[in-house]
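Let's take a walk through a protein model, looking at how rings, charges and helices sit together. Have the structure open and follow along.

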Amino acid sequence: MIDTTPISVCHGCDATVDMARDFPFACPNAGGENDDIDHVLVPTYDSGEFITGTEANPFLRYRALLSPYRLGRSVGLPDDAWTEIVGTLERRLIAVDGRAFRVTPMLPQPALAKALAMNATLWVKDETGNIAGSHKARHLMGVMLYLRILEAGKLPAAEALRARRLAIASCGNAALAAAVVARASEWPLDSYIPPDANISVVKRLKELGATINVCNRRPGETGDPCMRGFRQAVQDGAIPFSVQGPENGLAIEGGRTLAFEMAEAFSAAGDTPAALFVQIGGGALASALWQGLAIANKSCFLPHLPRLMMVQTVGCAPFAHCWQRLSGVELADAVRHRFRFMWPWASTPASAATGILDDETYDWWEAAKGVRETGGDALVVDEDAIMRAYKLSKMHTGISASTTGTAGLAGLLMTAARGESAAVVFSGGDL
């Protein structure tokens with residue numbers, strides 16, 4: 001049994017949330033009049049140990065590193081209760097999607113490295129075989145496991161829990177992942193999507209039982225209209241089943257499992273790459289990778305961290321512009337003056353890498369922290385690089401990743417550091 005109930009702490013205002021009594025989703029201080037603080041609740045982990053198991057399911061393998069597990073143990077639930085909750089969801093996920101959560105491949109790709117004229121190892125983390133075909137379900141599984149622990153422990157925050165619907169703003173991999181996890185959990189989901197959403201995605205969402213809400217962009221409007229609809233739903237009582245940290249900090253923690261797997265692979269090989277190229281839209285993936293790798297490094301499991309290289313496209317690069325504005329600025333000051341550094345992209349976002357076209361990088365601050373502390377950078381790539389990365393991945397890896405999923409590789413294409421090892425994440429398959 002764990003003695004203390006885990007808490008989440010806002011990285012902007014230091015507010016704390018007791019996870020047994022209140023939802024650790026959005027910071028309770030967020031949204032005040034003239035509020036310029038970047039509020040994101042971050043689940044704390046202070047044991048100093050990188051504790052892993054041997055299971056193939058990452059939510060079993062890394063359970064001691066996850067706050068919902070520690071919450072359950074702190075209120076008296078046995079380890080077997082967690083195993084049963086994860087196992088039940090796994091069986092239902094297989095019934096819905098034909099797949100379960102498993103540690104995904106992290107392997108050197110010598111043919112791809114040769115095609116890029118690299119004289120060093122190129123690692124590729126392949127998330128295309130994950131639930132719903134991308135890494136997004138990792139984020140949402142962390143949220144769902146928290147909800148299940150609330151129910152199993154009969155905790156105060158569980159009151160009237162099932163009366164609340166789930167809500168997400170997405171028209172791609174995140175929406176599909178949310179719909180699969182919601183269906184497996186027998187929980188109703190509202191998905192807020194744009195009018196030009198992929199027809200096949202909309203069809204699959206309906207097959208999975210999601211309620212579709214089409215959100216049109218208003219004349220002169222900046223910011224994502226789908227987020228507007230989603231936030232209204234949450235204000236009306238919905239649970240934010242979101243992959244954006246400001247809306248649900250637990251979603252970032254679920255994504256840390258991807259970084260934990262990478263840390264184990266690097267440790268086993270005795271070879272941490274010099275740089276990790278990460279495609280960044282809303283920033284949840286980048287934030288989760290930074291936090292997870294930092295935990296592994298702090299515990300001395302991972303001797304050093306790769307430079308984090310964030311990759312966006314010319315058609316939508318709010319993080320890259322933010323990173324330029326952060327030059328010479330203390331991050332501790334920037335987090336309290338969000339609107340000086342991050343705001344919606346001025347024009348309608350456009351790129352073949354549609355999955356990273358978020359109007360804002362919602363998780364900008366954690367991503368910036370990772371870039372600064374590792375000596376990384378923010379890169380902007382053109383559409384030729386996006387398409388070249390996609391085609392090279394098809395030709396030389398055999399992995400069926402999407403243009404969004406291979407966008408990090410486009411960042412590697414534009415750098416001159418071909419003599420040092422690197423890693424990329426193929427974060428989602430072709431839809």
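We'll begin with the aromatic rings, then turn to charges over rings, and end with helices that cross.

Keep in mind that this is a predicted model. A pair of aromatic rings is described by two things, the distance of the centres and the angle of the planes. This structure holds nine aromatic pairs. Start with Phe23 and Phe25, whose rings are 4.9 Å apart, centre to centre, with 5 degrees between the planes. Planes under 30 degrees apart count as stacked, so this pair is a stacked one. How accessible are the two partners? Phe25 has a relative accessible area of 5%, so it counts as buried. Phe23 comes out at 22%, and that makes it partly exposed; the cut-off for buried is under 20%.

Now find Phe59 and Phe101. Here the centres are 5.0 Å apart, but the planes make an angle of 75 degrees, so the pair is edge-to-face. It also ties together distant parts of the chain: Phe59 belongs to helix α1 (residues 58-61), while Phe101 lies in the loop between α3 (79-97) and β4 (106-108), 42 residues apart. Both Phe59 and Phe101 are buried. Rings can also join up in a group, and you can see this with Phe50, Tyr62, Phe260 and Phe301, which ring pairs link into a cluster.

Next, the charges. Look at Arg162: its charged end sits over the ring of Trp187, 3.8 Å from the ring's centre. You'll find a similar arrangement at Trp343, where the charged end of Arg325 sits over the ring, 3.7 Å from its centre.

Finally, on to the helices. Helix α9 (residues 249-269) is a good one to follow, and its first partner here is helix α5 (residues 136-153). The axes of α5 and α9 come within 6 Å and cross at roughly 125 degrees, so the two helices are oblique to each other. Their crossing is right-handed. Which residues meet there? On the α5 side they include Gly142, Val143 and Tyr146, and on the α9 side they include Gly254, Gly255 and Leu258.

Helix α9 also crosses helix α10 (residues 284-298), with axes that come within 7 Å and an angle of roughly 55 degrees. That angle makes α9 and α10 oblique to each other too, and the crossing is right-handed. Among the α9 residues in contact with α10 are Gly255, Leu258 and Phe260, and among those of α10 are Ala288, Gly292 and Ile295.

Notes: Residues are numbered from 1 along each chain as its sequence is written. This is a predicted model: local features need pLDDT of at least 70, side-chain atom pairs count only at pLDDT 80 or more; totals for chains, interfaces and linings use all residues. Side-chain values use heavy atoms; hydrogens and water are left out. Rings of Phe, Tyr and Trp (its six-membered ring) pair if their centres lie within 6.5 Å; planes under 30 degrees apart count as stacked, over 60 as edge-to-face and the rest as tilted. Buried means under 20% relative accessible area, exposed over 50%, partly exposed in between (1.4 Å probe, protein chains only). Helices (H or I, at least four residues) and strands (E, at least two) are DSSP runs, numbered from the N terminus. A charge sits over a ring if NZ of Lys or CZ of Arg is within 6 Å of the ring centre and within 35 degrees of the ring normal. Axes are lines fitted to C-alpha atoms, for helices over the stretch in contact, and angles run from 0 to 180 degrees between N-to-C directions. Angles under 35 degrees count as roughly parallel, over 145 as roughly antiparallel, 65 to 115 as roughly perpendicular and the rest as oblique. A crossing is left-handed if the near helix is turned anticlockwise from the far one by less than a right angle, and right-handed if clockwise. Contact means heavy atoms within 4.5 Å.
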